[in-house]
Amino acid sequence: MLRCFLFVLLLGLPHFLQAQYPYMKHYTTADGLPSNTINDMLQDDAGFMWFATDEGVSRFDGQQFTNYRKADGLADDDVIRLGKDHEGRIWFLGFNGTASFYSNGIFYDESNSKLAAQTQLGSSLAKIMISKSGTVYLVSNSDGFIRVIGDSVKTFSKEKLLVDFGIKFTSGYKGLKMDTAGSIWIFTRDSVYIMEEGTENVSMLSQQLFPEKMVEGYFLSDGSVVIPRNGKLFRYAGASIDSSEKLTTSWYGQYVSVEEDGKQNLWLLYNSGAHLFRNKLLGAAHHTRLLEADYCGHVFSDSEGNTWLSPLRRGIYLIPSLDVQFLHTDIGLVNNNVTALAEHPDGVIAGFSNGSVQAVTYRNNTIGLKPPVSAGSYIIDIFPGRKNELLLLTNSEAITCDEKLKELWRSPSVWAKSYYQISHDTLLVGGGFVLSLLSKNKLELLYKFPRENRIYAIEQDRDQTLWLGTEQGLYSLKDSVIQFYGEQFPQLKGKINDLNLDSRERLWIASSQHGILVLEDNELHQLIKNEERISGRKILITDDQVVYAGTDKGIFIIRENRDESFQISRIRKSDGLPSEKVNALLVKDQLLWIGTDEGLEVFPLERTFSSLTTVPIELTAFTVNGISYIAGTVHHFDYLQNNIHLSFAGISFREASAVYYRYKLRQDDSIWQYTNTSSLNLPELPPGKYSITIQAATTGSNWSASPLQLAFSIHAPFWQQAWFYAMAILATGLFALFIVRYRYKVKLSKEQQERKAVEGELAALRSQMNPHFIFNSLNAIQDFIFQHKTEEANEYLTKFARLMRAILNQSRKQFASIEEECELLSIYLELEALRFNHAFSWEFKIGKGIITSEMMIPSMLLQPVVENSIKHAFRNLKRKGLLIISFESEPGTIRCEVQDNGSGRSATGSNGNSLALSITQERLAMLNQSMQQSCTMEVTDLFDEGIPAGLKTVFRFPAGIYDGQREAI
């Protein structure tokens with residue numbers, strides 16, 4: 001039988017509990033506070049929270065408490081009041097009645113500050129009041145008050161008040177109030193004196209014009225006044241009066257204080273807890289009682305919208321949201337690990353990991369907890385059964401019970417991990433590695449994985465396809481055919497925690513590794529970028545097709561727009577959730593019920609989500625080689641002062657554990673460096689200028705609006721500085737110049753010797769040409785004489801004489817003009833034509849751009865080629881020979897071509913390696929070495945339809961040789 005039991009903790013628990021249970025995070029000395037007695041609190045301009053205790057003051061950045069005492073500069077360890085002026089100074093009042101303040105990292109008291117010394121009275125100071133304009137009032141118990149405006153201090157002692165204004169100051173700080181405008185109200189027995197803000201203009205009014213007990217009243221930000229009287233609160237706003245119901249205390253002999261938080265809520269704080277009145281409305285519907293057994297002292301709202309509540313002797317409470325209700329074991333929930341949620345006529349049914357279920361009622365904005373019931377083992381899900389029945393599904397059994405949780409029947413369901421309800425009495429059960437059908441208490445095996453693969457989610461679409469979310473990924477099963485979608489979509493590999501189909505048959509998937517996915521028409525969409533490595537845990541789709549996606553980092557609310565795009569909002573710790581790890585979700589009565597590992601959260605859906613504020617960041621330490629420095633100015637360090645340590649704090653109280661940082665060492669750095677630690681060690685920084693920028697965030701979008709910036713430079717050692725480099729470069733340059741000049745002289749001398757040797761060899765080659773010409777010419781004359789051709793011999797001898805003179809003249813030169821070379825060749829060709837009885841003709845072609853009188857080529861270089869054509873090409877030629885010598889201008893070169901129409905080398909058996917050509921090739925090599933320029937020669941055989949048709953020899957000479965370079969170098 002289903003066993004019903006009451007836990008010991010719930011003995012005496014009333015059926016209905018208080019209307020609101022906001023989540024409270026509790027800080028005590030175990031978290032770093034110096035004392036659990038909190039006398040006052042405030043937030044400074046940088047964003048730090050400060051707490052006044054009887055063991056000094058503590059500064060909190062959301063993660064770490066930094067504590068200060070008299071040894072650090074406080075005037076007294078027991079600090080009873082705090083205040084902040086417009087100069088950014090934080091004022092402290094000690095129990096000993098002295099005042100001190102903190103500014104730019106330094107504590108000041110009367111020993112080291114003239115301003116602090118001027119703020120001491122003959123009697124103890126007991127109260128701080130600071131107007132909106134920043135005027136500071138330090139009020140004594142019985143001897144007047146001190147006014148501080150900037151660095152100007154004025155004392156209004158009891159004697160001065162009496163003499164100058166006629167005020168009999170008898171009530172001390174209890175008779176002194178500040179209104180919304182910053183004016184000071186001084187109450188005497190029968191009159192009220194009002195001193196205008198920052199002036200000494202005083203007006204007097206009769207107390208009869210004001211409500212009774214106004215001396216005990218409190219001014220609110222809208223100008224209204226709240227007065228506690230006769231166990232009730234009365235709020236006077238002009239002529240209207242609002243009052244609360246009779247509260248649970250008479251306040252007789254008790255501490256009573258009324259404060260206003262930053263959200264326009266009113267708080268009544270007293271010895272036995274706190275009363276919260278939302279929007280300053282005193283009706284019962286807006287009233288919540290908190291911390292009923294605690295001595296509550298102060299309330300404060302910070303820049304993130306958190307509410308801080310001081311129970312005076314039990315540390316400090318942080319309330320991220322006053323709208324979110326939170327149920328846990330301390331207030332009657334049977335277990336904090338909520339694993340399943342289902343609707344119930346009076347509220348919801350919650351299932352827990354310890355096998356219990358518990359009804360949570362909700363009526364008239366009031367939450368009630370009914371006694372828990374044990375179902376046996378881990379609750380996986382809860383489904384509606386037949387009329388007024390429930391199915392409690394554990395990891396080993398399916399249990400049917402009525403709405404009062406009375407058991408009707410149960411059946412085993414193997415080791416279950418998931419369920420899917422087909423009908424009231426038919427379930428699909430996903431086990432360790434099997435899928436089964438549970439119907440009418442009978443268990444039937446449908447599919448078994450070949451190896452262990454836990455099934456965590458089951459869904460069925462309209463065409464009876466089963467979708468299985470498993471440890472290995474997403475599968476579909478239809479007609480005994482299984483398909484694994486992880487092969488097609490890598491994002492669908494890995495653990496799938498939940499599945500749900502919307503009205504359009506889109507499959508919504510909660511993936512452990514890839515967040516929230518949507519599979520539609522065989523296309524996979526990832527709606528939420530996963531830079532935060534969000535793990536999907538639960539999918540809930542309401543009747544109006546709003547998707548609630550529970551993850552390990554809050555809840556995403558996804559609504560589809562008319563254009564089929566999606567609007568996504570998010571609920572997380574910054575919205576008041578005590579835990580972001582979601583196990584179960586339920587929407588009912590405009591409330592979102594959230595089951596987590598830490599309790600049951602109830603979130604009002606009509607609540608407006610506040611945008612995430614940027615995370616302030618402050619530098620807490622700056623040391624160089626272990627020595628502390630103050631930031632704010634540009635520091636210049638020696639090259640040995642290069643071990644930099646920075647400590648900083650990203651200030652966030654709602655999501656302190658999620659703060660991470662990024663930084664750049666120089667402004668022109670394009671890539672941010674990321675870290676999860678609040679310190680930066682930069683050992684052995686190289687010399688240079690640094691402008692460090694650091695930002696903090698809790699998400700990828702709320703980086704610090706005002707980054708932490710720190711500029712400094714590290715000087716290079718003298719051997720790395722510019723003047724040293726300049727001198728080193730100069731010395732190196734001079735030495736290099738000396739070496740270059742020396743080597744140049746050696747090289748020049750060597751080149752001159754080599755040039756002389758080359759010139760000697762060229763001269764020798766040219767001298768070899770002379771006997772060659774002479775030998776050929778004498779042979780021709782001899783032929784004429786033998787043939788008794790006297791006239792031809794005489795003509796040939798005359799031309800030979802001219803040729804000898806030309807050769808004698810040319811052989812002394814390394815270069816000759818084209819005109820001179822053509823003239824020598826003409827004489828030579830005339831002689832050869834006479835010798836061969838005019839068996840050939842010749843032609844000179846001068847191309848455009850050739851200036852024959854100025855352009856130079858190596859002297860007597862063409863003659864051997866011409867000779868080869870006459871001697872070999874025209875021999876035994878049946879047609880008249882033709883020799884064409886042409887000169888063309890090409891970019892940077894002179895192209896000289898010698899072409900004949902002879903029989904070619906293949907027909908004559910000549911390979912072109914005659915003595916003349918060998919000498920020419922040697923001479924070209926010598927010229928190239930001497931000139932350091934390229935003179936080339938190419939020999940090409942010509943053919944006409946495969947029949948040898950002549951030979952073409954092409955020379956290319958540098959075009960920059962002019963008449964001034966004739967003589968050999």
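**Entry 1: the whole chain**

I began with the overall dimensions and found that the protein chain has a radius of gyration of 53 Å, whereas a compact globule of 969 residues would have one near 30 Å. I kept in mind throughout that this is a predicted model. Taken along the principal axes, the box filled by the C-alpha atoms came out at roughly 165 × 95 × 50 Å. I then looked up the secondary structure and noted eight helices and 74 strands in the protein chain.

For burial, I noted that 51% of the 969 residues count as buried, and that the protein chain exposes about 45800 Å², of which carbon and sulfur atoms supply 50%. Among contacts with a separation of 6 or more, I found that 52% come from residues 24 or more positions apart. I also checked the charges: there are 95 positive and 110 negative side chains, and the centres of these two sets lie 2 Å apart.

**Entry 2: strand 57 and its two partners**

I went next to strand 57, residues 591-596, and asked how many of its six residues are buried. I found that six of the six are, so the strand is mostly covered. When I looked at which way the residues point, I saw L591, W593 and G595 on one side and L592, I594 and T596 on the other, and noted that all of them are buried.

I followed the pairing on either side in sequence. Strand 56, residues 582-588, runs antiparallel to strand 57 and is joined to it by six bridges; I picked out A584, whose bridge partner in strand 57 is G595. These two strands form a hairpin with two residues between them, and in the turn I found D589 with a positive phi of about 55°.

Strand 58, residues 600-604, is also antiparallel to strand 57, and here I noted five bridges. As one example of the pairing, I recorded that L592 has F603 of strand 58 as its bridge partner. The hairpin of strand 57 and strand 58 has three residues between the strands, and G599 in this hairpin takes a positive phi near 145°.

**Entry 3: strand 3, strand 4 and G32**

I turned to strand 3, residues 38-43, and found it mostly covered, with six of its six residues buried. It runs antiparallel to strand 4, residues 49-53, with five bridges joining the two, and I noted F51 of strand 4 as the bridge partner of M41. The two strands form a hairpin with five residues between them, where G47 in the turn has a positive phi of about 110°.

I also looked at G32, which lies in the loop between strand 2 (25-27) and strand 3. Its relative accessible area is 25%, and I therefore entered it as partly exposed. Setting aside residues up to four places away in sequence, I found that G32 touches F65 and N67. For G32 and N67, I recorded a separation of 35 residues in sequence and a C-alpha to C-alpha distance of 8.3 Å.

**Entry 4: two positive phi values outside glycine**

I looked up N230, which is not a glycine and yet has a positive phi of about 55°. I placed N230 in the loop between strand 20 (225-229) and strand 21 (232-237). Is N230 buried or exposed? Its relative accessibility is 60%, so I counted N230 as exposed.

L405, likewise not a glycine, has a positive phi of about 65°, and I found it in the loop between strand 38 (397-402) and strand 39 (407-412). L405 has a relative accessible area of 7%, and I therefore entered it as buried.

**Entry 5: Y108 and helix 6**

I located Y108 in strand 10, residues 106-108, and recorded it as partly exposed because its relative accessible area is 22%. Leaving aside neighbours within four places in sequence, I found Y108 in contact with S100, F101, S103, S113 and A116. I also noted that Y108 and A75, which are 33 residues apart in sequence, are 8.2 Å apart in space from C-alpha to C-alpha.

Last, I checked helix 6, residues 863-873, and found it mostly covered, with nine of its 11 residues buried. I listed the buried positions as Q863, P864, V865, V866, E867, N868, S869, I870 and A873.

Conventions:
Residues numbered from 1 in each chain as written. Predicted model: local features only at pLDDT ≥ 70, side-chain atom pairs only at ≥ 80, totals over all residues. Heavy atoms only, no water. Buried < 20%, exposed > 50% of the residue type's maximum accessible area, 1.4 Å probe, protein only. Helix = DSSP H or I, 4+ residues; strand = E, 2+ residues; numbered from the N terminus. Pairing = 2+ DSSP bridges. Rg over C-alpha atoms; globule rule 2.2 N^0.38 Å. Contact = heavy atoms within 4.5 Å. Areas by Shrake-Rupley, 256 points an atom, 1.4 Å probe, with all protein chains shown as cover. Lys, Arg positive; Asp, Glu negative; His and termini not counted. Charge placed at Lys NZ, Arg CZ, Asp CG, Glu CD.
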